[in-house]
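Trainee: I am new to reading structures and would like to practise on one small part. Could you take a single residue, look at it closely with me, and then show how the rest fits around that view?

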Amino acid sequence: MQLGVIIGTVGATKKVESLAGQTFLLVAPEGHQGPALVCADRVGAGLGDRVLVCHGSAARPDGAPIPVDAAVVGIVDHMDPD
Amino acid sequence: MQLGVIIGTVGATKKVESLAGQTFLLVAPEGHQGPALVCADRVGAGLGDRVLVCHGSAARPDGAPIPVDAAVVGIVDHMDPD
Amino acid sequence: MQLGVIIGTVGATKKVESLAGQTFLLVAPEGHQGPALVCADRVGAGLGDRVLVCHGSAARPDGAPIPVDAAVVGIVDHMDPD
Amino acid sequence: MQLGVIIGTVGATKKVESLAGQTFLLVAPEGHQGPALVCADRVGAGLGDRVLVCHGSAARPDGAPIPVDAAVVGIVDHMDPD
Amino acid sequence: MQLGVIIGTVGATKKVESLAGQTFLLVAPEGHQGPALVCADRVGAGLGDRVLVCHGSAARPDGAPIPVDAAVVGIVDHMDPD
């Protein structure tokens with residue numbers, strides 16, 4: 001998984017039908033200069049939260065066949081080292 | 001998912017049979033200098049639309065076994081921050 | 001999918017048995033400086049053809065469990081813009 | 001698989017329910033400057049261990065549908081050349 | 001698939017049980033400066049062999065649910081152009 005920080009939200013009224021109800025979060029990846037990722041929210045993360053992002057097939061809730069390739073799957077509350 | 005902008009279309013008369021009927025869009029990825037992506041269109045996106053691109057297995061409609069690894073799955077209409 | 005140009009072929013007499021009969025094409029990716037890719041040919045592409053490359057699980061013909069992670073799945077005949 | 005070294009641990013009290021009980025390790029990838037990875041521990045690795053990291057669908061224990069995309073799957077004890 | 005050259009072997013006594021019996025090869029990727037990959041050997045490749053590396057789900061033998069994300073699946077014996 002990848003570490004990142006929630007920096008915003010993304011809305012898409014017109015989307016694949018199976019994406020209805022998904023919340024899309026904008027995540028700044030930690031530790032490199034890449035562009036922000038758009039991730040489905042699976043934990044109720046909020047602005048400024050440091051999170052775990054899961055990529056690929058595993059990002060889909062219970063393997064549901066929806067077009068999601070990245071999801072926020074945890075909110076980091078401690079790291080060692082910090 | 002990845003943010004991008006529709007910059008054109010791609011046609012391939014000779015292709016794997018299961019790709020018949022697919023529309024291929026050229027998408028410029030946002031926030032980095034990479035080459036344009038070719039994505040299957042799943043939402044009726046048009047030139048200049050800012051879109052969500054899904055990569056990998058999840059890009060295939062309903063898990064159909066067609067050789068597609070990227071799809072436009074939503075049209076972005078608001079972002080916060082913009 | 002990714003755009004590329006066919007620049008050669010690759011032969012491997014000793015290979016995983018399920019790869020017997022596959023043609024391996026050398027593809028120069030368009031728009032960046034990366035190394036050439038080795039792709040299974042699924043459309044009869046030839047030297048100099050501009051092609052669509054599909055990566056990942058979707059590259060396998062009909063989901064067959066063969067060790068292929070990239071395939072040429074279409075020959076580009078028009079692009080707009082060119 | 002990728003070589004890396006265990007440099008810490010990550011805790012996430014709030015996470016997708018199916019991740020309960022997983023230990024998340026912070027792994028510095030070997031040989032490049034990328035950011036640390038967060039990996040599920042499948043071998044009981046400890047700080048300073050040089051490990052094998054598996055990415056993607058194969059990182060999930062026995063294909064369980066949990067949102068994990070990277071796992072520590074072995075502890076390296078010899079390399080030739082070292 | 002990716003071209004590479006076998007430069008060594010990796011041993012991991014402590015590993016996920018389903019990896020027992022796998023040979024792990026160290027492969028230097030061709031054409032870029034990335035770190036060496038650790039690949040499961042599926043063809044009996046040896047030091048100095050130029051090989052084809054398959055990544056992702058397709059690298060697993062017959063789809064077996066083992067944590068392998070890269071495998072040597074062929075030994076290159078001719079290329080055109082060389």
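Mentor: Let's begin with B:V43 and what it touches. Setting aside residues up to four places away in sequence, B:V43 touches three residues of another chain, namely A:K14, A:K15 and A:V16, and in its own chain B:V72, B:V73, B:G74 and B:I75. Keep in mind that you are looking at a predicted model.

Where does B:V43 lie in chain B? You will find B:V43 in the loop that runs between strand 4 (37-41) and strand 5 (50-55). Is B:V43 buried or exposed? Its relative accessible area is 10%, and buried means under 20%, so B:V43 counts as buried. For a sense of distance, try B:A59 as a second marker: B:V43 and B:A59 are 16 residues apart in sequence, and their C-alpha atoms are 12 Å apart in space.

Now follow B:V43 across to its neighbours in chain A. Chain A has seven strands and zero helices, and reading along the sequence gives the pattern β-β-β-β-β-β-β. Its C-alpha atoms fill a box of roughly 40 × 25 × 20 Å along the principal axes. A compact globule of 82 residues would have a radius of gyration near 12 Å, and chain A, with 13 Å, agrees with that. Of the 82 residues in chain A, 51% are buried. Among contacts in chain A between residues at least 6 apart in sequence, 52% join residues at least 24 apart. The accessible surface of chain A comes to about 3300 Å², and carbon and sulfur atoms account for 52% of that surface. As for charge, chain A carries 5 positive and 9 negative side chains, and the centres of these two sets lie 12 Å apart.

Back in chain B, there is another spot worth a look. The peptide bond from B:D80 to B:P81 is cis, with omega near 0°, and B:P81 lies in the segment after strand 7 (78-80). Chain D has a cis peptide bond too, joining D:D80 and D:P81, with omega about 0°. D:P81 lies in the segment after strand 7 (78-80) of chain D. Most peptide bonds are trans.

You can set B:V43 beside a buried residue in a strand. C:I6 lies in strand 1 (residues 2-11) of chain C, and at 3% relative accessibility C:I6 counts as buried. Leaving aside neighbours within four places in sequence, the contacts of C:I6 include C:L25, C:L26, C:V27, C:L47, C:V51 and C:V72. One of these partners, C:V51, is 45 residues from C:I6 in sequence but 7.3 Å away in space, C-alpha to C-alpha.

For a polar example, turn to E:Q2, which lies in strand 1 (residues 2-11) of chain E. E:Q2 is buried, with a relative accessible area of 18%. Its side chain makes a polar contact of 2.5 Å with the side chain of E:H55. Beyond neighbours within four places in sequence, E:Q2 is in contact with several residues, among them E:P29, E:H32, E:L37 and E:V53.

Finally, check which chains stay apart. No contact joins chain B and chain E, and their closest C-alpha atoms lie 11 Å apart. Chain C and chain D do not touch either, with their nearest C-alpha atoms 11 Å apart. Chain B does reach chain A, as B:V43 showed by touching A:K14, A:K15 and A:V16.

Note on methods. Residues are numbered from 1 along each chain as its sequence is written. Chains are lettered from A and ligands numbered from 1 in the order in which they are written. This is a predicted model: local features need pLDDT of at least 70, side-chain atom pairs count only at pLDDT 80 or more; totals for chains, interfaces and linings use all residues. Side-chain values use heavy atoms; hydrogens and water are left out. Helices (H or I, at least four residues) and strands (E, at least two) are DSSP runs, numbered from the N terminus. Buried means under 20% relative accessible area, exposed over 50%, partly exposed in between (1.4 Å probe, protein chains only). A polar contact is a pair of N or O atoms within 3.5 Å; within protein, one must be able to donate a hydrogen and the other to accept it, and residues adjacent in sequence count only if both atoms are side-chain atoms. Contact means heavy atoms within 4.5 Å. The radius of gyration is taken over C-alpha atoms; the globule rule is 2.2 Å times the number of residues to the power 0.38. Accessible areas come from the Shrake-Rupley method with a 1.4 Å probe; for residues, only the protein chains shown count as cover. Lys and Arg count as positive and Asp and Glu as negative; His and the chain ends are not counted. The place of a charge is taken as NZ of Lys, CZ of Arg, CG of Asp or CD of Glu.
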